[in-house]
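Subject: Handing over the structure, with notes

Dear colleague,

I am passing on a structure for you to look through at your own pace. Please open it first, and then read the notes below with the picture beside you.

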Amino acid sequence: MRNIHAEFVKYGKNAKYWLRRCEMLLPEIAREEIWKKKRFSSIYEYAAKLAGMNHEKVNECLRIMKHIEDKPELLEVAREKGLGAVRPVVTIATKETAKFWAGNAITMKKNTLETYVRNYKAELRPSTDLNRLENVKMELDPKVADQLKKMKGDRDWNTFMKELMDGQRKPEPKKHVATKTNGICAHPDCNKPAVEFHHTKRFSLNHEHNPDQITPLCKAHHDLCHLGLIANEEKQPYEWQTNPKYEVDKLVQAYKTG
Ligand SMILES: [Zn+2]
Ligand SMILES: [Zn+2]
């Protein structure tokens with residue numbers, strides 16, 4: 001019997017493959033103005049009539065290709081998996097780090113990669129940037145406010161609050177884990193709903209079942225934990241850094257010496 005679905009999947013796969021080949025030729029076609037030589041009014045008309053590509057697609061391809069043309073590792077990923085697979089990393093990858101990002105583009109799910117890049121960028125901004133501090137207004141009983149100010153002493157508020165939170169590690173029943181963060185992912189740069197619980201490294205090391213070592217996370221941040229991409233997982237989640245600077249430093253070093 002004829003399997004129409006199987007046929008569709010097969011032809012679709014082939015169509016995608018050949019379309020990827022077209023996409024990667026676009027920069028050359030633009031540079032050499034091949035469309036003009038072949039008497040089309042624009043590269044858009046050329047791509048639409050010859051390969052069924054729309055205007056946005058052409059712009060998107062040219063934009064991505066501009067970023068990766070000088071980065072063979074990313075070109076390789078694009079050839080294998082399409083330009084969409086490298087899109088999340090094009091604004092962050094440099095010649096030195098292209099290999100690192102290409103590896104991530106191959107192994108990570110798209111959503112995980114996007115989250116990783118977003119956190120990575122956030123952490124590249126200097127942490128002393130005052131614009132990054134958030135102004136929180138609290139309604140407090142004057143007595144509580146007074147007590148709080150006394151406890152704070154001459155430390156800045158940020159340092160003080162961090163210390164206060166560190167002191168909060170008293171055991172609580174497991175069912176309260178999700179309420180620790182009001183059901184939101186515990187990663188500092190994330191507001192997605194927490195859908196999974198993660199036992200931080202401290203648990204696997206000492207097997208204490210302290211709920212403070214169980215962290216509610218969204219899918220993407222949980223993936224990043226298990227890929228070993230939280231640089232300081234032994235710390236409290238609000239201090240987590242997704243940017244393994246040492247990894248990139250190693251790569252840059254290897255690039256320079258090798
Ligand atoms: Zn986990
Ligand atoms: Zn998250």
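What follows is a walk through the main findings, from the chain as a whole to single side chains.

Please keep in mind from the start that this is a predicted model. The chain holds 13 helices and two strands, and of its 258 residues 34% count as buried. If you take the contacts between residues at least 6 apart in sequence, 56% of them join residues that are at least 24 apart.

A good place to begin is the metal site. Which residues hold the zinc ion (ligand 2)? Its protein donors are Cys-185, Cys-190 and Cys-218, each through its SG atom, together with His-221 through ND1, and these donors lie 2.0 to 2.4 Å from the ion. The arrangement around the zinc ion is tetrahedral, because the four donor atoms subtend angles of 106 to 113°, and angles that all lie between 85 and 135 degrees are what the term requires for four donors. Read along the sequence, the donor residues follow the spacing C-x4-C-x27-C-x2-H. Two of these donors link distant parts of the chain, since Cys-190 sits in the loop between α10 (157–166) and β1 (196–199) while His-221 belongs to helix α12 (residues 219–226), 31 residues apart. Cys-190 and His-221 are both buried.

Helix α12 also carries a salt bridge, in which the side chains of Lys-219 and Asp-223 meet at 2.9 Å, N to O. Both residues lie in α12, four residues apart, which is about one turn of the helix. Is each partner buried or partly exposed? Lys-219 has a relative accessible area of 38% and is therefore partly exposed, whereas Asp-223, with 15%, is buried, the cut-off for buried being under 20%.

In total the count comes to 13 salt bridges, and a few more of them are worth finding on your screen. Glu-7 forms one with Arg-2, where the closest N and O atoms are 2.9 Å apart; Glu-7 counts as partly exposed because its relative accessibility is 23%, and Arg-2 counts as exposed at 60%. Another joins Lys-57 to Glu-23, with the closest N and O atoms 3.6 Å apart. Lys-57 lies in helix α4 (residues 55–68) and Glu-23 in helix α1 (residues 4–31), so this pair ties together parts that are 34 residues apart in sequence. Lys-57 counts as partly exposed at 35% relative accessibility, while Glu-23 is buried, with a relative accessible area of 5%. Finally, Glu-28, Arg-31 and Glu-69 are linked in a network of salt bridges.

Helix α5 (residues 72–81) is a useful one for learning how the two sides of a helix can be told apart. Its buried residues are Leu-74, Leu-75, Val-77 and Ala-78. Why do these buried residues line one face of the helix? Seen down the axis of α5, they fall within an arc of 160°, and so they line one face. The face turned away from this buried side carries the exposed residues Pro-72 and Glu-80. The cover over the buried residues of α5 includes α1, α4, α6 (83–86) and α7 (98–107). After α5 comes Gly-82, which has a positive phi, near 95°.

The last topic is the aromatic rings, for which the count comes to seven aromatic pairs. One of them is formed by Phe-40 and Tyr-46, an edge-to-face pair with 5.2 Å from centre to centre and 85° between the planes. Phe-40 and Tyr-46 are both buried. Phe-100 and Trp-101 form an edge-to-face pair as well, with 5.0 Å from centre to centre and 70° between the planes. Both Phe-100 and Trp-101 are buried, and ring pairs link these two with Tyr-116 and Tyr-120 into a cluster.

With best wishes,
A colleague

Methods: Residues are numbered from 1 along each chain as its sequence is written. Chains are lettered from A and ligands numbered from 1 in the order in which they are written. This is a predicted model: local features need pLDDT of at least 70, side-chain atom pairs count only at pLDDT 80 or more; totals for chains, interfaces and linings use all residues. Side-chain values use heavy atoms; hydrogens and water are left out. Donors are N, O and S atoms within 2.8 Å of the metal (3.2 Å for Na, K and Ca); water is not among the atoms, so sites may look incomplete. Four donors count as tetrahedral if all angles lie between 85 and 135 degrees; four count as square planar and six as octahedral if opposite donors are over 155 degrees apart and all others between 65 and 115; anything else is irregular. Buried means under 20% relative accessible area, exposed over 50%, partly exposed in between (1.4 Å probe, protein chains only). Rings of Phe, Tyr and Trp (its six-membered ring) pair if their centres lie within 6.5 Å; planes under 30 degrees apart count as stacked, over 60 as edge-to-face and the rest as tilted. A salt bridge is a side-chain nitrogen of Lys or Arg within 4 Å of a carboxyl oxygen of Asp or Glu. The arc is that of the directions from the helix axis to the C-beta atoms. Contact means heavy atoms within 4.5 Å.
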